Amino acid sequence: MGAFFMRYHDTTITLRLQLYAVMLLALAPYLFPSAACAQEPAEPVCITCHSTLPEKFSQPVKLWRGSIHAENGIYCNGCHGGDPNDAANAMNPARGFLGVPTETAIPAFCGRCHVGVLKDYLASAHGRKLGKGGPTCVTCHSNHHVVKASLALINEQSCSRCHSFERARVIRAAMQETEAMIVAIDGRISGFKKTGTDTEKLEKELFAVRNQFHTLFHSVDVELVKNDSAQIQADLRKIQVVLDGLDTEHQRRMIAGAAAVSIMLMIALVLHLLRKTYD
Ligand code: HEC
Ligand code: HEC
Ligand code: HEC
Ligand code: HEC
Ligand code: HEC
């Protein structure tokens with residue numbers, strides 16, 4: 001750089017270089033995003049320390065890494081409380097550390113965030129048997145490797161631990177039709193999103209209906225599931241109607257686009273022929 005300046009003493013060039021340098025500095029955070037992330041919060045001390053501990057205390061970190069909670073920025077302290085920024089006092093109850101919940105405390109522990117699910121669960125045959133043979137959230141979802149919920153959670157291995165699989169099978173069958181509708185709509189919305197259509201509103205609507213539906217399971221009440229499914233399917237059909245409208249519009253635009261292209265080709269051809277005749 002020094003040699004460069006020695007050779008070109010022309011002041012306009014140095015001035016221009018200075019201007020470029022200033023512009024580059026101003027743009028740096030956008031051009032080199034990694035440098036701009038310096039202020040991003042560091043990983044909680046819970047994770048740094050627990051990663052180095054013996055199996056029993058480091059295992060949760062490994063399991064948690066692959067979870068939907070990790071994906072959504074819910075760290076150890078999201079569930080267990082404590083201070084994620086101060087290693088010396090991280091597990092101090094005075095800093096909100098809750099420790100490990102006992103079996104009967106688990107639903108309330110998870111339910112701080114999953115309020116609707118907790119309500120349905122507590123009112124259900126499962127919730128009423130909490131501490132007396134009923135399953136807790138962790139029985140079905142696990143504690144650290146919690147993944148996106150789906151009907152796959154209702155399976156023989158998990159549901160025949162305490163009673164026959166038959167009742168589980170009945171409730172799963174009642175939910176399958178609605179689930180299939182949700183999956184199909186989700187696929188159609190993603191398709192439109194790829195073509196650049198604004199799908200935010202539809203996504204929000206589906207998200208709300210989906211949540212309502214996935215919570216429903218926790219009642220483990222076949223009659224309730226059947227009744228509520230009817231309403232949920234009606235809501236889903238409203239989204240389908242909007243998607244059908246988008247489909248038609250899309251087709252119309254494709255036809256219009258094809259027509260415009262053919263007209264343009266035709267004009268080009270005519271011009272070409274005209275030029276040939278005059279040449
Ligand atoms: C400096 C190291 C260190 C930090 C930081 C740390 N822990 Fe721990 N943690 C330990 C050790 C060691 C144990 C096992 C011995 C014990 O219970 O004190 C433990 C145990 C635990 C347990 C089990 C307690 C029990 O009663 O069995 C939980 C839950 C836990 N930690 C959560 C957290 C959370 C949440 C954070 C962050 C807010 C955190 N830890 C930060 C070292 C740490
Ligand atoms: C989604 C909530 C949730 C998150 C996030 C979470 N834990 Fe836990 N953890 C639990 C529950 C619930 C239990 C009690 C499980 C049980 O009784 O089966 C538990 C138990 C533990 C235990 C006791 C040992 C064991 O395996 O039973 C330790 C240690 C622990 N967690 C550490 C951590 C650390 C470290 C993190 C962060 C990497 C973390 N937890 C994140 C919910 C969570
Ligand atoms: C600090 C708040 C918080 C706590 C406590 C918490 N979660 Fe979550 N959980 C979330 C967030 C945020 C998401 C991701 C957004 C979503 O899907 O709702 C999530 C997602 C989930 C999902 C997937 C939902 C889906 O859409 O498929 C399940 C299942 C789940 N959590 C179960 C649990 C269980 C079991 C516990 C207790 C061991 C627990 N959560 C504790 C915040 C929390
Ligand atoms: C008997 C097993 C079982 C128990 C107990 C259970 N769940 Fe679920 N959970 C499921 C199944 C199955 C689904 C998926 C239902 C579906 O796909 O429609 C689900 C779905 C979810 C979802 C996603 C629904 C949504 O609103 O996005 C969350 C969150 C969740 N459970 C949290 C919890 C919490 C918190 C508890 C304890 C209060 C709990 N679950 C207890 C089996 C269970
Ligand atoms: C930890 C034991 C346990 C597990 C695991 C378990 N259940 Fe249950 N379930 C119970 C108990 C206890 C009852 C209530 C007493 C009874 O009816 O036997 C019950 C009742 C039910 C009922 C009847 C509800 C009613 O109102 O009559 C259904 C449906 C059900 N469970 C479905 C499931 C499904 C689906 C799964 C798997 C995702 C599952 N259960 C896993 C213990 C369990």
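A residue is taken to surround a ligand, and so to belong to its shell, if one of its heavy atoms lies within 4 Å of that ligand. By this criterion, 21 residues surround ligand 4, and the closest are C137, C140, H141, H214 and H218. The structure is a predicted model, in which local features need pLDDT of at least 70 and side-chain atom pairs count only at pLDDT 80 or more, whereas totals for chains, interfaces and linings use all residues. Residues are numbered from 1 along each chain as its sequence is written, chains are lettered from A and ligands numbered from 1 in the order in which they are written, and side-chain values use heavy atoms, with hydrogens and water left out.

Ligand 4 takes part in several polar contacts, a polar contact being a pair of N or O atoms within 3.5 Å; within protein, one atom must be able to donate a hydrogen and the other to accept it, and residues adjacent in sequence count only if both atoms are side-chain atoms. A nitrogen atom of ligand 4 lies 2.8 Å from an N or O atom in the side chain of H218. An oxygen atom of the ligand is 3.1 Å from an N or O atom in the side chain of T215, and an oxygen atom is also 3.3 Å from a polar backbone atom of L151. Secondary-structure elements are DSSP runs numbered from the N terminus, with helices (H or I) of at least four residues and strands (E) of at least two. Helix 9 (115-123), helix 11 (137-141) and helix 14 each supply at least two residues of the shell around ligand 4, and helix 14 gives the most, with four residues. Residue classes are assigned as follows: Ala, Val, Leu, Ile, Met, Phe, Trp, Tyr, Cys and Pro count as nonpolar, Asp, Glu, Lys and Arg as charged, and the others, Gly among them, as polar. On this basis the shell around ligand 4 comprises twelve nonpolar, nine polar and no charged residues.

The shell around ligand 2 holds 18 residues, of which C76, C79, H80, N143 and H144 are the closest. Two histidines make polar contacts with this ligand: a polar side-chain atom of H80 lies 2.8 Å from a nitrogen atom of ligand 2, and a polar side-chain atom of H144 is likewise 2.8 Å from a nitrogen atom of the ligand. Two or more residues of this shell come from each of helix 5 (55-65), helix 7 (76-80) and helix 8 (106-111). Helix 5 makes the greatest contribution, with five residues. The shell around ligand 2 contains twelve nonpolar, five polar and one charged residues.

Ligand 3 is surrounded by 18 residues, among which H69, C110, C113, H114 and A149 come nearest. A nitrogen atom of ligand 3 is 2.8 Å from an N or O atom in the side chain of H69, and a nitrogen atom is 2.8 Å from an N or O atom in the side chain of H114. In addition, an oxygen atom of ligand 3 lies 3.5 Å from an N or O atom in the side chain of R210. Helix 6 (68-71), helix 7, helix 8 and helix 11 are the elements that give two or more residues to this shell. Its residues are ten nonpolar, five polar and three charged.

Helix packing was examined next. Two packed helices are described by the angle between their axes and the distance between the axes. Axes are lines fitted to C-alpha atoms, for helices over the stretch in contact, and angles run from 0 to 180 degrees between N-to-C directions. Angles under 35 degrees count as roughly parallel, over 145 as roughly antiparallel, 65 to 115 as roughly perpendicular and the rest as oblique.

Helix 14 (residues 200-216) and helix 15 (residues 222-278) pack at an angle of about 165°, with their axes 10 Å apart; the two helices are therefore roughly antiparallel. Helix 13 (residues 166-194) and helix 14 pack at about 160°, with axes 11 Å apart, and are therefore also roughly antiparallel. In their contact (heavy atoms within 4.5 Å), residues of helix 13 including M175, I182 and I189 meet residues of helix 14 including L206, R210 and H214. By class, this contact has seven nonpolar, two polar and five charged residues. Helix 13 and helix 15 pack at an angle of about 20°, with their axes 10 Å apart, and are therefore roughly parallel.
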